[in-house]
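Visitor: I am new to this structure and would be grateful for a close look at a single part of it. Please take the aromatic residues and the helices that carry them.

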Amino acid sequence: MTFTQWFQSWGGEAFGWFLATTVLILMIALPLMLAVAMIIYADRKIWAAMALRRGPNVVGPLGLLQSFADGLKVMLQETIIPSAANRGLFLLAPIITFTVALIVWAVIPFGPGMVLADINVGLLYLLAASSLGVYGVIISGWASNSKYPFYSALRAAAQMVSYEVSIGFVLISVVLWADSFNLSKIVLEQQGHVLGLFNGFGFNPLLFPMAVVFLISALAETARAPFDLTEAESELVAGYQTEYSSMSFALFWLGEYANVILMCGLNAILFWGGWLPPVDWAPLYAVPGIIWFFSKILIFFFIFSWIKATVPRFRYDQLMRLGWKVFLPLSLVWVFLVSGYLMLTRYGA
């Protein structure tokens, strides 16, 4: 009996399904919020270690409660809305960013069968939903009625469109190889993918360059350094967040870090075997798949933080050049290479 069937057995078909789905959503959303709080703490600790500083170390043991103290602080602050701002859109923008960051987790498989909505077009849903996040940034920039947020919104629109295109072509290469848009099937197709030993498309020499392109594009898509041009403090104060305070500011942060965790998870799912162990060796399967998945997320998050702590910010023209003149042609050529290789080997053309 499945989780949903158990609820339906005593709550009726419709109400039982609703109740089961609500509980599953909370089982994803609440731990995700906790993970965001801890990942912000980890981010600050990693930056501090690389700069030979201590980082958060006062609130709670080892500073572990710092993020919760920051959250309490912003909850108690007054929400200030500029007099010339569009009040409705100004408040709506952070809600959009936060909500979109949550809904994409519906199709993420945490382990075998551990997914809220195991739909056949999961990858398309994820691409469509994640691209909506830019609307929160654009609306906040326009509704603030201030020049710095508006410049930031224009940058965000151009940046996200530029890197969505290359991410789309990278995903086509993965879909061609996995022969499915279903994220669970994409993970299973990676089992013993290379020499019958390694689990992951990333171990395939033909797909490894696309894994690197996807990782860098994920940095740009989430506006992480060195691509954080939308909130470059040396140029735009705080970008689209400049006029925000209190919980509206916190919602932007929660959405941003939820997206970062999502992109780390996507790197693991699409190229490095998702919940599978790195090597297709029976004893490694004794470790629960969700542990492998979370371990890979943490590894990629460390890479994200490492890059932020060490790589200087790009100029805007460099950012655009990388997206349109390097990644787009490269990912497009790779679609032809992968499809040609598969036609010769898998389909015998």
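**Aromatic rings and their helices**

Guide: Trp 105, Phe 110, Phe 293 and Phe 294 are linked into a cluster by ring pairs. The model in view is a predicted one. One member of that cluster, Phe 293, also belongs to the contact between helices α11 and α12, and this contact deserves attention next.

The axes of α11 and helix α12, the latter spanning residues 289-310, come within 8 Å and cross at roughly 115 degrees. Their crossing is right-handed. On the side of α11, the contact is made by Tyr 257, Val 260, Ile 261, Met 263, Cys 264, Gly 265, Asn 267, Ala 268 and Ile 269. On the side of α12, the partners are Phe 293, Lys 296, Ile 297, Phe 300, Phe 301 and Phe 304. Sorted by character, the residues of this contact comprise 12 nonpolar, two polar and one charged.

Within helix α12 lies Phe 300. Phe 300 has a relative accessibility of 9% and therefore counts as buried, the limit being under 20%. Leaving aside residues up to four places away in sequence, Phe 300 touches Leu 215, Cys 264, Asn 267, Ala 268 and Trp 272. Among these, Cys 264, Asn 267 and Ala 268 are also residues of α11 in the helix contact.

The ring pairs may now be considered. The count of aromatic pairs comes to 17. In one of them, the rings of Phe 249 and Trp 253 have centres 6.3 Å apart and planes at 45 degrees, so this pair is tilted. Phe 249 and Trp 253 are separated by about one helical turn, because they stand four residues apart in helix α11. Phe 249 counts as partly exposed because its relative accessibility is 26%, and Trp 253 counts as partly exposed at 30%.

Helix α12 carries a tilted pair as well: Phe 302 and Trp 306 are 5.7 Å apart from centre to centre, with 45 degrees between the planes. Phe 302 and Trp 306 are four residues apart in helix α12, so about one helical turn separates them. With a relative accessibility of 38%, Phe 302 counts as partly exposed. Trp 306 is partly exposed too, with a relative accessible area of 47%.

Finally, α11 has a part in covering another helix. The cover over the buried residues of α4 includes α2 (13-50), α5 (122-130), α6 (133-143) and α11 (246-271). Among the buried residues of α4 are two further aromatic ones, Phe 90 and Phe 98.

Technical notes
Residues numbered from 1 in each chain as written. Predicted model: local features only at pLDDT ≥ 70, side-chain atom pairs only at ≥ 80, totals over all residues. Heavy atoms only, no water. Buried < 20%, exposed > 50% of the residue type's maximum accessible area, 1.4 Å probe, protein only. Helix = DSSP H or I, 4+ residues; strand = E, 2+ residues; numbered from the N terminus. Contact = heavy atoms within 4.5 Å. Axes fitted to C-alpha atoms, helices over the stretch in contact; angles between N-to-C directions. Left-handed = near helix turned anticlockwise from the far one by under 90°. Nonpolar A, V, L, I, M, F, W, Y, C, P; charged D, E, K, R; others polar. Phe/Tyr/Trp six-rings, centres within 6.5 Å; stacked < 30°, edge-to-face > 60°.
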